[in-house]
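Got a protein on your screen and not sure where to start? Let's walk through it together.

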Amino acid sequence: MLFNKKKKIKYNEKTNYISKNHMILFSHNSTISNKNQFSNTIELYDAIPKYIWNNKIKFNYLSEMIITRYCLLQGQRLIIKIKPAIIEKKKKIVFIYPGAREEILEDTLRKLAIEGKGQVIEGKFGVFFTLYELQKELKKINHGYNLNEIKEAIQVCQSANIECSSKDKKIFISSGFFPVISLSKKKCKINNKNTCYVQFHPLVNYSIHNLSFREYNYNLCMQIRSPLARYIYKRMSHYWRQANIMSPYTLSLFNFLKCSSRILSIRISENIRAMKNSLTILIEKKIINTYNTIKIKSNRKIVDVKYIIFPHDNFIQQTINANKTTQKIKKISLNISNNLFKK
């Protein structure tokens, strides 16, 4: 069947118009006055174990360089494969896995997109920025890197590959963290600056298209130095949508760490210590108020721990605000779609 060219153009114009409006909605219609401290978590993408926080990984063969992880998210069993970036450094070829540095960089670039630097190119979401702007934002959140480190982190995100699939193969996606990058020194026609560009991962793109992102306190998150504590905070911010004292957040030590980029240690005591340290940090940051533990034993040996987490009033208020923002975004999007397709 041949496409009607006029209808095809009209369809592209509409979908492109919707995409641009979704970028505007992503770029923050917060319901609170101090919206500059907020950003968005991304459905699925922020939950999968895609970073390597342990930089001391050693391997003897190239086949060992592909790191495979398994996780259970919202009832779906996923297989995650991470391939390192191949980077030329001091005339040597090195392999670098995306780690905590790249994680911070991604969140910071997403924040810059929210502040009006996000762009839609051929239906793909990305962000224009200068290296100076990026470095300035990283310093503001106390994650200072020199320009060479920043450029290397961007190249790692472009060269490293993450593959996400389900056992039944109904889900399969393979892509670099940033499928397209430009570190050009030439001035960009859009803003007449020496502008760089990255295109976000397809799962980020999918989440923006489907409005499945959610507001969280970016400034507070960036104050958390522990990668695991940051991960817990972002998971709770995205999925704990009815946070209150009567509805605690529960998690299993085994399953939760398996889904995080920390993964499980061989010794259960190390896993318990890591979770305790992270939850202590969240108490100090007034994200959670307290928590209880239930140790699950087999033959007197601890095999898992269940955590029952109670929110701080600050987090409860954040959740209420995020819910209002989500409702507002969906209402605006529905009005845009209705008005557009009436034409």
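We'll begin with the whole chain and then turn to its salt bridges.

First, keep in mind that this is a predicted model. The average pLDDT of the protein chain is 86, and 85% of the residues reach at least 70. Be careful with residues 1-11, though: the pLDDT there is below 50, and beyond near neighbours in sequence the stretch has two contacts in the model.

Now for the fold. You can find 10 helices and 15 strands in the protein chain. Of its 343 residues, 49% are buried. Look at contacts with a separation of 6 or more, and you'll see that 67% of them join residues 24 or more positions apart. On the outside, the chain exposes about 18,900 Å², with carbon and sulfur atoms supplying 52% of that area.

Next, the salt bridges: there are 10 in the whole structure. Try lysine 117 and glutamate 133, whose closest N and O atoms sit 3.1 Å apart. Lysine 117 belongs to helix α2 and glutamate 133 to helix α3, so this pair ties together parts that are 16 residues apart in sequence.

Helix α3 also holds a pair of its own, lysine 140 and glutamate 137, three residues apart, or about one turn of the helix. Their closest N and O atoms are 3.3 Å apart. Is each partner buried or exposed? Lysine 140 counts as exposed because its relative accessibility is 57%, over the 50% cut-off. Glutamate 137 has 6%, which is under 20%, so it is buried.

Compare glutamate 102 and arginine 101: they form a salt bridge at 2.8 Å, and both are buried. Finally, look for Asp46, Asp107, Arg110 and Lys234, which salt bridges link into a network.

Definitions and conventions. Residues are numbered from 1 along each chain as its sequence is written. This is a predicted model: local features need pLDDT of at least 70, side-chain atom pairs count only at pLDDT 80 or more; totals for chains, interfaces and linings use all residues. Side-chain values use heavy atoms; hydrogens and water are left out. pLDDT is the predictor's confidence in each residue, from 0 to 100. Contact means heavy atoms within 4.5 Å. Helices (H or I, at least four residues) and strands (E, at least two) are DSSP runs, numbered from the N terminus. Buried means under 20% relative accessible area, exposed over 50%, partly exposed in between (1.4 Å probe, protein chains only). Accessible areas come from the Shrake-Rupley method with a 1.4 Å probe; for residues, only the protein chains shown count as cover. A salt bridge is a side-chain nitrogen of Lys or Arg within 4 Å of a carboxyl oxygen of Asp or Glu.
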